[in-house]
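Got your viewer open? Here's a quick walk through one protein model, with something to select at each stop.

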Amino acid sequence: MSVEMIQIIVSILLEKWSIEVSRKPKITEMVKAHALLVNVEGKSSLRKFDHDEFRHYFLARALCDLMKKCIEEKSSQSFRNVFSKAQMPDSVALFVTSRLNETKRLIAAKLMQQLGAEEWKATYLQQNIGTFLPFLMDGIRPQETLEVGPKYVFSSMALSDKKIDNIIFNQCNFINVTLSNTSIRNCRFVNCTFTNLRIIVDGNHFENVLIEESCLIDKLTLIRAESMDEVEYVPEYILAMLRSIGIKTCEKERQNDGALHEEVANQELYKSVS
């Protein structure tokens, strides 16, 4: 950001905070040498944050206020530009979503889904939605199934340490995703692409989960604590490996699994009242 723009922002804030007129020039001049800001190499008129963490913190604070406003107005247009400009890290998504209750997180998730569905060109929007949605939906059990996609990008540890329930992932891209300490219930993956999917078997929980045969998985690695990693590239063997850890690969299996859970639940209910 230019020094001139920084000084304009400072002037506006000084006016807002009712700072004495005699002190304003000195403060405006001092901001050029602020401890958090450093020169941009080769461009003495520009400044940047000394560490990315500072930039991420202030971005998260501003985005949190913006998202709350969007939720109140039930409109996603205000942060379309923000989400389209650059990739946001997990730390920003975690900060923002941790300050929203479950009701507001669910509204925000639906607004993002609406926003993504209206975007026709490839921007950072698809990646940022893929970063924010798992944090927004973590631990929530929506009454109505939420359909996510198309073209959203989930990467790395996006689904790790998350509890995801009642979501249909449609035409989404999962790039180098690792499932670790992940709970997925009542979810379906349709026409999705998985690049180098890694599943740490111990600690995960899959219930009524369907990865349809229309999905493409180029490589699957199962990681177990007390044995060698299982790596597979052949589609038929990949599907078999998924079934071995409780993930269904056809609708019939999913229906049978759901019927079994319903039967067990009915038996437990009968025992509790008898």
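**Stop 1: strand β9**

Select residues 183-190, and you're looking at strand β9, which is mostly covered: 6 of its 8 residues are buried. Buried means under 20% relative accessible area, while exposed means over 50% and partly exposed is in between, using a 1.4 Å probe and protein chains only. Helices (H or I, at least four residues) and strands (E, at least two) are DSSP runs, numbered from the N terminus.

Before going on, keep in mind that this is a predicted model: local features need pLDDT of at least 70, side-chain atom pairs count only at pLDDT 80 or more, and totals for chains, interfaces and linings use all residues. Residues are numbered from 1 along each chain as its sequence is written, and side-chain values use heavy atoms, with hydrogens and water left out.

**Stop 2: the partners of β9**

Two strands pair if DSSP finds at least two bridges between them. Add residues 163-165: this is strand β5, which runs parallel to β9 and is joined to it by 3 bridges. Look for I164, standing opposite I184 in β9.

Now add residues 167-170, strand β6, which also pairs with β9 in the parallel sense, over 3 bridges. Here N170 stands opposite V190.

Next comes strand β12, residues 205-211, paired with β9 in the parallel sense over 6 bridges. Zoom in on S183 and you'll find its bridge partner in β12, H205.

**Stop 3: helix α1**

Jump to residues 3-16 and color V3, I6, Q7, V10 and L14, which are buried in α1. Which way do they point? Seen down the axis of α1, the buried residues fall within an arc of 95° (taken from the directions from the helix axis to the C-beta atoms), so they line one face of the helix. An α-helix has 3.6 residues a turn, so residues three or four places apart point the same way. Flip to the other side of α1 for E4, I12, E15 and K16, which are exposed. Just after the helix, click S18, which takes a positive phi of about 60°.

**Stop 4: a pocket lining**

Finally, select R55, H56, F58, L59, A62, V82, K85, A86, Q87, M88 and P89, which line the second largest pocket. On a 1 Å grid over the protein atoms alone, a pocket is an open set of points where a 1.4 Å probe fits, with protein on both sides within 12 Å along at least five of seven lines; lining residues have an atom within 4 Å of a point. The largest share of this lining, 5 residues, comes from α3.
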